[in-house]
Amino acid sequence: MPNLILRLALPSPLRRLFDYLAPAGVSRSALQPGVRLRVPFGRREMIGVLVEVDSQSEVPLDKLKPALELLDARPPLPAPLFKLCLWTAQYYQHSLGDTLSWALPVLLRQGEPAETRQERYWLASKGASVDDPRLARAPRQRDALKALAQHPHGVAHSLLGQLQLNRDSLQLLHEKGLVRVEVRRTQPHAKPAHWLAQPELPLNAEQRAAVNAVASGWGQFNAFLLAGVTGSGKTEVYLQLIHQCLQAGKQALVLIPEINLGPQTFDRFARRFNARIALLHSAVNDRDRLDAWLAARDGEADIIIGTRSALFTPMKNPGLIIVDEEHDASYKQQEGLRYHARDLALVRARQEDVPIVLGSATPSLESLHNAHSGRYALLKLTQRAGGASQPRFLRLDVKSRPLDSGISGPMQQAIAQTLAAGQQVLVFLNRRGFAPTLLCHDCGWLSECPRCDARMTVHQRYQELRCHHCGHVEKQPSNCPKCQHVDLRPVGAGTERAEERLALLFPDYPVLRIDRDSTSRKGAMDRLFATINKGEPCILVGTQMLAKGHHFPRVTLVSILDADGGLFSADFRASERMAQLIVQVAGRAGRAEEPGKVIIQSHLADHPLLVQLTEQGYFAFAEQALSERRSAGLPPFCHLALLRAEAHKPGQAESFLDEACNEAEHLLGELGLSGIELLGPVPAPMERRAGRFRAQLLLQGNARAPLHRLLNHWLHALEQMPSGRAVRWSLDVDPIDLF
């Protein structure tokens with residue numbers, strides 16, 4: 001019998017497979033692609049995924065080690081998802097082992113069984129009696145046995161604490177043979193007779209047309225862009241589509257951009273459906289996440305809700321994929337496997353042959369371009385649901401006006417009027433902390449980070465200076481480190497400073513700050529939302545965490561304190577992001593009976609972008625922006641790849657990128673490729689970050705195929721370069737941030 005050579009993908013940055021011999025006693029039929037094996041790797045053991053079985057290896061047989069153990073009877077990843085991982089690794093030019101590792105829950109990466117959790121049950125043994133003489137001097141054991149006797153079907157180990165049963169006492173009873181333990185597989189919930197727990201809301205004509213358009217193509221791949229203004233009832237469209245999906249015996253996958261939207265999305269779906277809902281995101285513990293993942297794989301979860309990594313959740317009967325807030329940058333992974341969940345969701349929908357709906361009030365320019373090109377069907381919702389009106393925009397020119405912690409006089413008056421009318425106010429400032437920097441009024445010293453080309457933010461509550469880029473923290477100085485004078489002043493305003501000032505200006509009303517600092521503790525976000533949902537007058541101060549997905553019916557005024565940040569930026573996407581953010585945060589106003597108003601403070605109130613956005617709306621801005629991108633040859637009318645490098649010493653990263661650039665130019669000639677430009681290398685916009693010096697090289701191609709052909713050959717060359725070992729480098733295909 002010929003030797004079986006197992007080609008495994010290991011969780012490693014190396015873009016190659018590793019050969020092993022089959023473990024002793026394992027048959028050829030058990031070695032299916034996708035199963036996990038425990039293997040020796042150097043001095044440690046690793047969990048690898050089988051990609052293929054061969055009879056030959058480039059490595060001499062006497063040098064090959066046998067795999068230690070086969071962990072699965074069947075592959076944890078179903079064939080379509082395994083195929084998606086192969087595609088992902090190839091497209092994003094990433095290690096297959098690392099890609100498969102991203103796709104598997106943490107416990108499966110560590111070698112845990114890919115089986116639904118088994119629960120231990122404690123039962124009183126047959127014939128056991130509390131009068132047993134061995135319990136005469138053990139009152140706790142006697143009480144525990146008495147309690148177990150009242151539960152003839154047994155008590156689950158996880159419920160012992162609720163019944164105040166002492167685990168040590170049970171263990172001693174077990175040793176005496178008076179109790180026994182049964183291991184039972186957790187039983188799946190039965191499918192409900194009726195899916196709806198609440199009646200569906202009536203749809204307007206546009207919503208009904210959107211539902212019918214998607215439902216007409218069940219069972220085959222179709223891509224839809226649901227472009228609905230804020231408050232237009234996109235979620236109701238999702239819910240009614242999911243209901244039809246469930247009735248057809250299929251599962252639905254719903255992607256959301258951020259963790260903080262998870263609980264409210266889960267609650268809304270749970271109120272509507274008698275369905276088994278799985279929630280997957282990084283705040284769910286590893287064991288619960290594995291259980292949810294397995295429930296989806298085995299068809300025991302009907303609806304799967306999660307952030308970008310939930311895209312890799314297997315489904316036994318996939319029927320529908322929904323990507324909510326499809327424009328959101330959070331769908332792009334910025335470390336390791338730099339995939340875009342929205343783009344991969346489209347690939348998965350095509351492979352699984354199911355419809356996909358991309359929803360947003362402010363669609364990305366890429367998605368709008370695809371809709372105009374006929375790749376997606378465009379479904380528009382132009383009216384707010386329930387008869388609510390669109391908010392009214394006011395641009396407030398603050399040039400030469402005094403600002404009190406970033407808040408102008410007219411803005412204060414508008415806030416006071418709204419609160420007096422018994423309504424709520426949302427104050428938006430996309431900057432955490434008390435102030436962006438600390439300044440010495442005597443010598444001009446600024447609080448700069450010692451590890452980054454950035455200034456440290458003042459966090460007054462903790463008397464700290466924090467770098468929001470590398471995490472460096474220092475105690476706030478009492479005198480200037482340069483001239484020793486004490487006149488240190490916080491410059492600019494962050495959410496902390498706005499919160500403090502608003503609390504002084506409006507002492508009769510609660511001021512609630514919602515940002516990453518105030519919601520870091522478990523349950524903090526839920527407590528804040530519970531206060532808001534009481535409907536009493538209050539002021540919400542927050543960052544972009546408040547901008548999307550939330551429904552605050554009593555908010556009638558949105559105050560945007562600083563709209564100038566995205567008007568001048570080195571990043572060509574800055575204006576698109578700023579427009580999306582303004583429209584999204586404005587959409588929190590006037591979602592019920594009372595009309596909403598949005599006041600935008602700006603030193604450039606007559607800027608053409610702000611004028612067009614506030615007077616003609618997001619879609620007019622988007623058409624103009626697409627026209628400009630077409631003229632400039634920028635995405636979506638070209639395709640990008642960004643090679644980043646960083647090193648401890650200045651110049652090292654540039655040297656590596658110079659060599660990489662020369663290699664790319666050589667390959668362009670050798671492969672006969674055209675329509676690809678090399679831009680750089682140049683220092684990164686923030687050259688020094690976390691003590692490392694960074695540079696980048698941008699590749700821009702008119703067509704995707706030639707660019708990827710170049711990348712395939714180029715990366716093999718980069719991995720062989722000696723200069724690459726002195727730097728940390730990475731390739732980002734379809735980057736959304738040029739930093």
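# A guided tour of the predicted model

Select L96, G97, T99, L100, S101 and A103, the buried residues of helix α2. The structure on display is a predicted model. Helix α2, residues 96-103, is mostly covered, with six of its eight residues buried. To see what lies over the buried residues of α2, add the covering elements, which include β1 (5-9), β4 (44-54), α1 (79-91), α3 (106-109) and α9 (286-297).

**A buried valine**

Move next to V179, in strand β8 (residues 179-185). Is V179 buried or exposed? Its relative accessible area is 3%, so V179 is buried, the limit for that term being under 20%. Displaying the surroundings of V179 brings up W122, L123, A124, S125, L145, L148, L170, L173 and H174, with residues up to four places away in sequence not counted. For a view across the model, select V733 together with V179: the two are 554 residues apart in sequence, and their C-alpha atoms are 60 Å apart in space.

**Two helices, α6 and α7**

Select residues 205-215 for helix α6 and residues 234-247 for helix α7; their axes come within 10 Å and cross at roughly 35 degrees. The crossing of α6 past α7 is right-handed. On the α6 side, the contact is formed by Q207, R208, A210, V211, V214 and A215, and on the α7 side by E236, V237, Q240, L241 and Q244. Sorted by class, this contact of α6 with α7 holds six nonpolar, three polar and two charged residues.

**The seven-stranded sheet**

Now turn to an open sheet of seven strands with parallel pairing, in the order β11-β12-β10-β13-β14-β9-β15. Which strands stand at the edges? They are β11 (277-280) and β15 (377-381); each has a single partner strand, so one side of each is left without a neighbour in the sheet. From one strand to the next, the twist averages 15 degrees.

Within the sheet, select β9 (residues 223-228) and β14 (residues 356-360), which run parallel and are joined by five bridges. A223 has I356 in β14 as its bridge partner. Add helix α8 (residues 262-272), which packs on the sheet and touches β10 (251-255), β11 and β12 (303-306); the direction of α8 makes about 175 degrees with that of β11. Then add helix α10 (residues 341-352), which also packs on the sheet, touching β9, β10, β13 (318-324) and β14. The direction of α10 makes about 165 degrees with that of β13.

**Positive phi values**

Select S400, in the loop between β16 (392-397) and α12 (409-420). Phi of S400 is near 65 degrees, a positive value in a residue other than glycine. With a relative accessible area of 81%, S400 is exposed. Continue to Q463, in the loop between β19 (457-459) and β20 (464-466). Phi of Q463 is near 50 degrees, again positive in a residue other than glycine, and Q463 is partly exposed, at 39% relative accessible area.

**Cis peptide bonds**

P635 and P636 are joined by a cis peptide bond with omega about 15 degrees; P636 lies in the loop between α17 (618-632) and β27 (639-647). The bond from G680 to P681 is cis as well, with omega near 5 degrees, and P681 belongs to strand β28 (residues 676-689).

**The last stop**

Finish with helices α18 (residues 652-671) and α19 (residues 704-720), whose axes come within 10 Å and cross at roughly 135 degrees. The two helices are therefore oblique to each other.

How values were computed
Residues are numbered from 1 along each chain as its sequence is written. This is a predicted model: local features need pLDDT of at least 70, side-chain atom pairs count only at pLDDT 80 or more; totals for chains, interfaces and linings use all residues. Side-chain values use heavy atoms; hydrogens and water are left out. Axes are lines fitted to C-alpha atoms, for helices over the stretch in contact, and angles run from 0 to 180 degrees between N-to-C directions. Helices (H or I, at least four residues) and strands (E, at least two) are DSSP runs, numbered from the N terminus. Angles under 35 degrees count as roughly parallel, over 145 as roughly antiparallel, 65 to 115 as roughly perpendicular and the rest as oblique. Two strands pair if DSSP finds at least two bridges between them. Contact means heavy atoms within 4.5 Å. Buried means under 20% relative accessible area, exposed over 50%, partly exposed in between (1.4 Å probe, protein chains only). A crossing is left-handed if the near helix is turned anticlockwise from the far one by less than a right angle, and right-handed if clockwise. Ala, Val, Leu, Ile, Met, Phe, Trp, Tyr, Cys and Pro count as nonpolar, Asp, Glu, Lys and Arg as charged, and the others, Gly among them, as polar.
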